[in-house]
Structures are given as C-alpha cells and as structure tokens.
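This report describes a protein model, taking the nonpolar core, the ligand shell, the domains and selected helices and residues in turn. The structure is shown below.

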Amino acid sequence: MVTKVLLADPRGFCAGVEMAIKSLTWMVQVFEPPVYCFHEIVHNGAVVHAFEEAGVIFVEDIDEVPVGRPVMLSAHGSAPDVVTAATERSAVMIDAVCPLVTKVHHEVRRLAGRGYEIIYVGHEGHDEAIGAIAEAPGSAQLVDPRIGLDTFVASEGSQVALLAQTTLGLYEWEGILADARERFPDLWTARKSDLCYATTNRQAAIQELALRSEVLLVVGSENSSNTQALVRVGHNAGVPTYRVDGADDVDESWLDGIEVVGVTAGASAPDRRVQRVIERIDPSEGSELVKVTAEDEYFPLPPQLRRLMASLQALVEGGFSCRSPGQAGPVENDREFTATEALAIIGV
Ligand code: SF4
C-alpha cells in the first residue's frame, strides 16, 4: 500500500504555457466562436480538448483558417511564412510564442546571417524544431539527439554553431554537445544551453524525487517533449517511471508493494490532473512537497493581445458595446491571474 506521495516542486505549467493558455482564454471570451489556433496551443490533450469545447479549432495548415477569422499561433513558435500568412489572412492575429523560443529563433537568424552552419538539436517533427529551422532553412540542420550527430553535414572550412530545442532532456543535449565539440573544435555555442529554466528545473526535481521514490509518475501528454524527457530522466535514475495523462491511466499493478511514489508533471499539464492522480493513489500518510527551487518567471501576454484588449477597453469606455471581455478581469491584472484560473473559466 502506498504510504506517501512525494510531489515535485516545481512541476507543471511554466511561464510560457501560462501565457499561452491565458491568451487563448481571452480570445474565446472576446470573440464569437470559432477562434482558430495554429497547432495545439500547448502539447496537452486535456487543455486542447477543453479549448475545442470552448469553440477553438486547431489547424495544422494556416490556409485552413477562413479569411478574417481571429487566429492564435501556438507557444512552440511558428515559421516566418506562417506568421506572415496568418497576419495577412486574419483580422486579428495573436502570436503566443514563448519568449524563450523567440530567443532561439533570433539566434538562428543571427548566426545564419554571419555565415554559420547551424546544428539545431531537436526532435524530428516537433513544432518547435520546425518553426526554428524555418528561420534559416539553408543554414540550419536538424540533428535528432536520438539519432546523433552523424546526420550533420558541414561544408569544408565552415563555421559551425550549436543550438537546441528548449525542451530537450539534459542527457540528450550533453551527449550532442560533447560530440559536436570533439568534431568541431571551434564550435560556437551559447554559454548557457537553450534548454529553458522550466525544462531544467523539472528535470532536477524528478532526479531529487528518484532518490526517495520506488515508482515515479509523470503527468503529461505523449506528444509533450519535456514530459517525455522527464520520463527518461526517471528511468535513467533507475526508478520505474510511467507517463500518465490523468488519474484513469494509473495502473494499480505499478503500485503493488510500493510505499513511496514520486509524482511530477510536464510543463503543459494542468495541476488539477496531478491532484486527481494523487487522489487515485490515495497515500495513507498524504503527500510531501519536495522543493528543489523557486520559480517566479512571468511572461506578459503577447503585445498584439494587449493592444487589442486596450482598444476594446477604450471602445467600452467610449460607450460602444462589444462582447464581454470575460471573467478574467482587467488585462493589467494578468500577473495575478493564473492559467489554472483561466482553464476553470472554460471548464477544466
Ligand atoms: S517549456 Fe520553456 S520554452 Fe517551452 S513554453 Fe515553457 S518556458 Fe517556454
């Protein structure tokens, strides 16, 4: 019987996901449905489903957005031609890209402009990798860490730089970094890797849990890269580690004869799902928070959305009527408003 759950802190929503979820919540409150979103707003099935119920249509091709309809671009970052097409065909285009992804896009453009050939370490087919490489497709090549550096071809005498998807496992990044330094002694790479604070903090937290847990559960969806990285970190620490989307996925047989279970969540997994998993485990001595570090990062809403909300506010104050801007309160109070509260508005 499980006596205790060790609960990772930090876990779950990062600042980029918070911003993206709150942004799309504003959109569904302000506009009549449907609101369009290019790619899943974040990689979590429950969040995506809730927004679909609230009137969002997720598309994989920007041409699927009817001309004039409001559209949001996902947190993972979009290719420049997608941003341009969305701006041209939509009356209201909000780009909810995470600022830490934008930083990598800038680096791809800057280094390509200086003539570097770029190793971009990322997962084949992942939205973030596709968007970043599209900034300079003639200069950046995808190297999937699961395959290795052999696929990278450099021109004779070229300068080589190394960049990465923000949500990789540290174990993936370190392996490629070591290989790349050996193969290209003059390699350019940032002093600090592109792995974001949320990725590294969550991986540090699960390593801490692994020291005291007999089984680890990671709440998150299958297509969430950082969730999969957490599962792998758990396995690498020698602890049986399972990914669950929610409480229903918990297999009783995993917990047979187990006393201590570690629980964490990927950066796009709602905390209510984590709480339900703990309720399902029902530890006899309750749960203990294992705090590794404090996070206070905050990313403001996208500038296009802030401008839109300011215009709406001015219209309302000027006596025009428009659809209610919703229950979220003034947009200036965004810092105090959480994505969990936003999701509650749409029923998650
Ligand atoms: S995981 Fe990191 S890069 Fe991705 S949205 Fe969150 S903070 Fe941004």
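The largest nonpolar core has 100 residues, and those with the most contacts inside it are Ile21, Leu24, Ile41, Met72, Ala96, Ile118 and Tyr120. Helix α1 (residues 15-30) gives the most to this core, with 9 residues. A nonpolar core is here a set of buried Ala, Val, Leu, Ile, Met, Phe, Trp, Tyr and Cys residues joined through C-beta atoms within 7 Å. A residue is buried if 20 or more other C-beta atoms lie within 10 Å of its own, exposed if 12 or fewer, and partly exposed in between, with C-beta atoms placed from the backbone. Helices (H or I, at least four residues) and strands (E, at least two) are DSSP runs, numbered from the N terminus.

The model is predicted: local features need pLDDT of at least 70, side-chain atom pairs count only at pLDDT 80 or more, and totals for chains, interfaces and linings use all residues. Residues are numbered from 1 along each chain as its sequence is written.

Among the core residues, isoleucine 41 touches Ala20, Ile21, Leu24, Val47, Val48, Phe51, Met72, Ser74, Ala75 and Ala96, leaving aside residues up to four places away in sequence. Contact requires C-beta atoms, placed from the backbone, within 7 Å.

The ligand is surrounded by 15 residues, of which the closest are Cys14, Gly16, Cys98, Thr166 and Cys196. Two or more residues of this shell come from each of α1, α4 (99-113) and α7, and α1 gives the most, with 3 residues. Membership of the shell requires a C-beta atom, placed from the backbone, within 6 Å of the ligand. By class, the shell holds 10 nonpolar, 5 polar and no charged residues. Ala, Val, Leu, Ile, Met, Phe, Trp, Tyr, Cys and Pro count as nonpolar, Asp, Glu, Lys and Arg as charged, and the others, Gly among them, as polar.

An automatic or database assignment supplies the domain bounds: domain 1 (4-12 + 197-291), domain 2 (15-97 + 301-345) and domain 3 (100-189). The C-alpha centres of domain 2 and domain 3 lie 30 Å apart. Their contact takes 9 residues from domain 2 and 11 residues from domain 3. On the side of domain 2 that touches domain 3 there are 3 nonpolar, 6 polar and no charged residues.

Two helices can be compared with the expected span, which is 1.5 Å times one less than the number of residues.

| Helix | Residues | Expected span | C-alpha end distance |
|---|---|---|---|
| α7 | 16 residues | 22 Å | 24 Å |
| α8 | 12 residues | 16 Å | 16 Å |

The end distance agrees with the expected span for α7 and for α8. The buried residues of α7 pack against β1 (4-9), α6 (170-183), β10, α8, β12 and β13. Helix α8 is largely enclosed by the rest of the structure, because 9 of its 12 residues are buried. The cover over these buried residues includes α7 (197-212), β10 (215-219), β11 (241-244) and β12 (260-265). Glycine 238, with a positive phi near 85 degrees, follows α8.

Tyrosine 242 is placed in strand β11. This tyrosine 242 is partly exposed, with 15 other C-beta atoms within 10 Å, and touches Leu217 and Trp254, not counting residues up to four places away in sequence.

Glutamate 285 lies in the loop between α9 (271-281) and β13 (287-291). Glutamate 285 is exposed, with 11 other C-beta atoms within 10 Å. The C-alpha atoms of glutamate 285 and valine 2 are separated by 8.5 Å, although these residues are 283 residues apart along the chain.

Key:
Two residues are in contact if their C-beta atoms, placed from the backbone, lie within 7 Å.
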